[in-house]
Amino acid sequence: MAFTRATGKHRRPSRVQRGTARAAGVAALAGTGVVGTLAAPALAAEPAAAQTGLTPVVTLGDVVADRIDAQAAAQHEAARVAAQEAARKAAEEAARERAAEEAEKARAEKERAAREAERKRLNTFVSPIPGSYVSTAYQSGGAIWSSGSHTGIDFHAASGTPVHSVGVGTVVEAGWGGAYGNQVVIKMHDGTYTQYAHLSSFAVSVGQEVAAGEQIGLSGATGNVTGAHLHFEARMSAEYGSDLDPVAYLRSHGVNI
């Protein structure tokens with residue numbers, strides 16, 4: 001009796017197909033733990049794992065997994081290094097910003113201190129002869145003055161007493177002034193003028209800038225006088241006749257006389 005070979009949908013799976021299916025089944029059972037109880041009796045008659053292709057698949061999976069782990073580790077390390085570098089740059093930038101802020105603060109403070117020092121310098125006034133007193137008042141009357149009254153004040157001073165500029169200004173006259181004798185006229189920084197007359201000598205020249213308290217000459221008895229003293233005037237201009245009350249002028253600038 002002849003036997004015919006099964007064909008069509010009833011054809012028996014090939015050995016390769018069976019091995020592949022078996023390997024898949026083993027992988028599934030290994031995940032559940034069943035393969036441990038069934039491996040000996042169930043697979044005793046089956047071909048060796050090397051024949052089914054399971055070992056190459058598992059080995060390939062391990063290699064891929066190792067490569068993925070190595071790649072992940074490398075990416076993690078790169079991210080860590082990048083984060084450190086970003087943090088370092090941020091710290092350096094913050095340090096630069098702090099340094100710039102501190103430098104700007106120091107510069108502003110220096111400028112403020114300089115402005116304050118200049119303001120104080122310009123607004124500092126002193127008596128032309130410290131420790132002296134007014135011996136003849138402003139607008140005192142008498143024939144001795146051509147205008148009929150005293151256009152300034154006289155400070156008591158022996159000949160040769162140092163005379164000082166009362167404030168910051170520029171010398172506009174230094175020399176002989178007729179009835180005033182040797183005189184110095186200073187244009188003050190606020191536009192007013194001060195005059196120092198009857199000097200025995202002067203120590204400044206026209207165009208020279210002077211500071212408050214700077215010595216400009218020595219008191220004396222030159223010009224139209226009856227004795228040594230300092231004649232001091234405050235004026236609105238350098239011209240005679242524009243006089244101000246010298247005592248009020250000095251007191252308005254903080255000088256106690």
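**Why do we call it that? A chat about a predicted model**

Modeller: Let me start with two strands: β4 (residues 169-176) and β5 (residues 182-188) pair in the antiparallel sense, with 7 bridges between them. Please keep in mind that this is a predicted model.

Colleague: Thanks! What makes β4 and β5 count as a pair of strands?

Modeller: Strands pair if there are at least two bridges between them, and β4 and β5 have 7 bridges, so the requirement is met. One position to look at is Gly-169, which stands opposite Met-188 in β5.

Colleague: And what happens between the two strands of that hairpin?

Modeller: The hairpin has 5 residues between β4 and β5, and Gly-178 takes a positive phi near 70° there.

Colleague: How do you know that β7 is also paired with β4?

Modeller: Strand β7 (residues 209-210) is joined to β4 by 2 bridges, and the two run antiparallel. At least two bridges are needed, so β4 and β7 count as paired. In β7, Val-210 is the bridge partner of Gly-169.

Colleague: How many helices and strands does the protein have?

Modeller: There are 5 helices and 10 strands. Of its 257 residues, 24% count as buried. As for contacts with a separation of 6 or more, 58% are between residues 24 or more positions apart.

Colleague: Let's try single residues. Why is His-164 called buried or exposed?

Modeller: His-164 has 17% relative accessibility. Buried means under 20%, so His-164 counts as buried. His-164 belongs to strand β3 (residues 162-164). A polar atom of its side chain lies 2.9 Å from the backbone oxygen of Gly-213. Beyond neighbours within four places in sequence, the contacts of His-164 include Ser-127, Pro-130, Tyr-196 and Glu-214.

Colleague: And His-156, is that one buried, exposed or partly exposed?

Modeller: With 43% relative accessibility, His-156 falls between the 20% and 50% limits, so the label is partly exposed. His-156 is found in strand β2. Leaving out neighbours within four places in sequence, His-156 touches Ser-132, Tyr-133 and Ser-135. The C-alpha atoms of His-156 and Ser-219 are separated by 9.6 Å, and these residues are 63 apart along the chain.

Colleague: What makes the phi of Gln-139 worth pointing out?

Modeller: Most residues other than glycine have a negative phi. Gln-139 has a positive phi, near 65°. Gln-139 is in the loop between β1 (134-136) and β2 (153-156). Its relative accessibility is 52%, and exposed means over 50%, so Gln-139 counts as exposed.

Colleague: Which histidine has a positive phi?

Modeller: That is His-198, with phi near 65°. His-198 lies in strand β6 (residues 193-202). Its relative accessibility is 5%, under the 20% limit, so His-198 counts as buried.

Colleague: Which residues touch the most other members of the largest nonpolar core?

Modeller: Among the 24 residues of that core, they are Val-184, Ile-186, Tyr-196 and Ile-216. At least two residues of this core come from each of β2, β5, β6, β9 (229-235) and α5 (246-252).

Colleague: How many aromatic pairs are there?

Modeller: The count comes to 3 aromatic pairs. In one of them, the rings of Phe-125 and Tyr-249 have centres 6.1 Å apart and planes at 80°.

Colleague: Why is the pair of Phe-125 and Tyr-249 called edge-to-face?

Modeller: Centres within 6.5 Å make a pair, and planes over 60 degrees apart make it edge-to-face. The values for Phe-125 and Tyr-249 are 6.1 Å and 80°, so both conditions hold. Phe-125 lies in the loop between α4 (54-122) and β1, while Tyr-249 is in helix α5, 124 residues apart. Phe-125 and Tyr-249 are both buried.

Colleague: What are the distance and angle for Phe-155 and Phe-232?

Modeller: Their ring centres are 6.4 Å apart, within the 6.5 Å limit, and their planes are at 70°, over 60 degrees, so this pair is edge-to-face too. Phe-155 sits in strand β2 and Phe-232 in strand β9, so the pair ties together parts 77 residues apart in sequence. Both residues are buried. Ring pairs also link Phe-155, Tyr-196 and Phe-232 into a cluster.

Terms used: Residues numbered from 1 in each chain as written. Heavy atoms only, no water. Helix = DSSP H or I, 4+ residues; strand = E, 2+ residues; numbered from the N terminus. Buried < 20%, exposed > 50% of the residue type's maximum accessible area, 1.4 Å probe, protein only. Contact = heavy atoms within 4.5 Å. Polar contact = N/O pair within 3.5 Å; in protein donor to acceptor, adjacent residues only side chain to side chain. Core = buried A, V, L, I, M, F, W, Y, C linked by side-chain atoms within 4.5 Å. Phe/Tyr/Trp six-rings, centres within 6.5 Å; stacked < 30°, edge-to-face > 60°.
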